[in-house]
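User: I am new to reading protein models and would like a close look at a single part of this one, told slowly and in one connected account. Please explain the reasoning wherever a label depends on a cut-off.

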Amino acid sequence: MLSYPATIPLSSRTLSHLAECIRGHRRQRRSRWRRLDPGRQALLTLAHLRNGDTYTRLAAGFGIGVTTAWRYVREAVDLLAAAADDLATAMDRIRKLAYAILDGTLIPIDRVADQRSYYSGKHKRHGVNVQVIADAAGRLVWASAALPGAIHDLSAARVHGIIDALSSADVMTSADKGYQGAGGSVRTPFKRHRYRPKLSRRQKAVNRTHARVRARGERAIATLKTWKLLTKLRCCPRRATAIVQAILVLHRVETSRYSG
């Protein structure tokens, strides 16, 4: 089998953070020996999450079995996910923003036995729905747990309590037409309907301004999907939440070096 060197576009700070989490977990469990040390296991996990390398390729590259590679990645992902902020904790940061941007994204998945609940009519594919909150500059602040792709964005936001949390904190929030009727502090563009077949010039101008603001939220979704594993999940859909939460933790570690 041929091999070649590759890079992972992450800092050593992120690698060290994950390695330390794994090292602490091993001390707690009193693990005596593993095929890979904590640093190599962390590197294995980052290669899977960031580059989307399959377990077969990782196993060959690290000289371990496919099952061992799967077990190491799962262990590291669960450790990271356990440290992720929930919405209540994230609101401590969100309420300090000038305004927030709320948007939903579909993470594609392989087909599963119960296909209907995961099929998104909007995107015409199977996937899971993840709600994303960004700041005024389009930076990723928080992402929700994954729900079946058939769930509408507004319904998903309500299930997670996002609308109530933003309204209670009085955080002005921009969202697209999919959140029409959310109420509270969520602002959506004007939409044509049966009793309003045409928009006025003022309403069109408001929509254009709103679109420029809301478009920045696409940067947060793009940031989330720079982790190549999320281009298409080939695992059980129920693992999507842990993977997204693990990526959020790593993203915060990676971006914290740029904060003051």
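What follows is a close look at helix α1 (residues 12–29), with the loop after it and a few other places for comparison.

Analyst: Please keep in mind from the start that this is a predicted model, so every value below was computed from it. The protein chain has 260 residues, of which 45% are buried, and its secondary structure comes to 10 helices and 7 strands. Measured out along its principal axes, the C-alpha trace would be described as about 70 × 45 × 30 Å. If we take the contacts between residues at least 6 apart in sequence, 61% of them join residues at least 24 apart, and helix α1 gives us several chances to see which parts of the chain meet.

Let us begin with the helices that α1 packs against. In general, a pair of packed helices is described by two quantities, the angle between the axes and the distance between them. For α1 and helix α2 (residues 38–51), the angle is about 125 degrees and the axes are 8 Å apart. Because angles from 65 to 115 degrees count as roughly perpendicular and those over 145 as roughly antiparallel, the value for this pair falls in neither class, and α1 is therefore called oblique to α2. The crossing of α1 past α2 is right-handed. On the α1 side, the residues that make this contact are Thr14, Leu15, Leu18, Ala19, Ile22, Arg23 and Arg26, while α2 contributes Pro38, Gly39, Gln41, Ala42, Leu43, Thr45 and Leu46.

A second partner is helix α10 (residues 240–256), which packs with α1 at an angle of about 135 degrees, again with an axis distance of 8 Å. That angle, too, makes the two helices oblique to each other, and here as well α1 passes its partner in a right-handed crossing. The residues of α1 that take part are Arg13, Thr14 and His17, which meet Val249, Leu250, Val253, Glu254 and Ser256 of α10. You may notice that Thr14 appears in the contact with α2 and also in the contact with α10.

Further along the same helix lies His25, which counts as buried because its relative accessibility is 16%, and the cut-off for that word is under 20%. If we leave aside residues up to four places away in sequence, His25 touches Glu75 and Leu79. Glu75 stands 50 residues from His25 in sequence, yet the two C-alpha atoms are 9.5 Å apart in space.

Next come the charged side chains of α1. Arg23, which we met in the contact with α2, also forms a salt bridge with Glu20, with a nitrogen-to-oxygen distance of 2.9 Å. These two residues are 3 positions apart in the helix, so about one helical turn separates them. Neither label of buried or exposed fits them, because Arg23 at 32% relative accessibility counts as partly exposed, and Glu20 at 40% does too. The bridge does not stand alone, since Glu20, Arg23 and Arg27 are linked in a network of salt bridges.

For comparison, the total for the model comes to 11 salt bridges, and one of them joins Lys232 to Asp110, with the closest N and O atoms 3.5 Å apart. This pair links distant parts of the chain, 122 residues apart, with Lys232 in the loop between α9 (217–224) and α10 and Asp110 in the loop between β1 (100–108) and β2 (119–120). A charged residue may also lack such a partner: Asp153, which lies in helix α6 (residues 153–159), is buried and has no salt bridge, the nearest side chain of opposite charge being that of Lys122, 4.1 Å away. That distance is outside the rule, because a salt bridge requires the atoms to be within 4 Å.

Finally, we can step off the end of α1 into the loop between α1 and α2, which is where Arg30 is placed. Arg30 has a positive phi of about 60 degrees, although it is not a glycine, and at 73% relative accessibility it counts as exposed. Asp170 also has a positive phi, near 55 degrees, without being a glycine, and its place is in the loop between α7 (162–168) and β6 (173–174). Asp170 counts as exposed because its relative accessibility is 63%.

Technical notes. Residues numbered from 1 in each chain as written. Predicted model: local features only at pLDDT ≥ 70, side-chain atom pairs only at ≥ 80, totals over all residues. Heavy atoms only, no water. Helix = DSSP H or I, 4+ residues; strand = E, 2+ residues; numbered from the N terminus. Buried < 20%, exposed > 50% of the residue type's maximum accessible area, 1.4 Å probe, protein only. Lys, Arg positive; Asp, Glu negative; His and termini not counted. Axes fitted to C-alpha atoms, helices over the stretch in contact; angles between N-to-C directions. Parallel < 35°, antiparallel > 145°, perpendicular 65-115°, else oblique. Left-handed = near helix turned anticlockwise from the far one by under 90°. Contact = heavy atoms within 4.5 Å.
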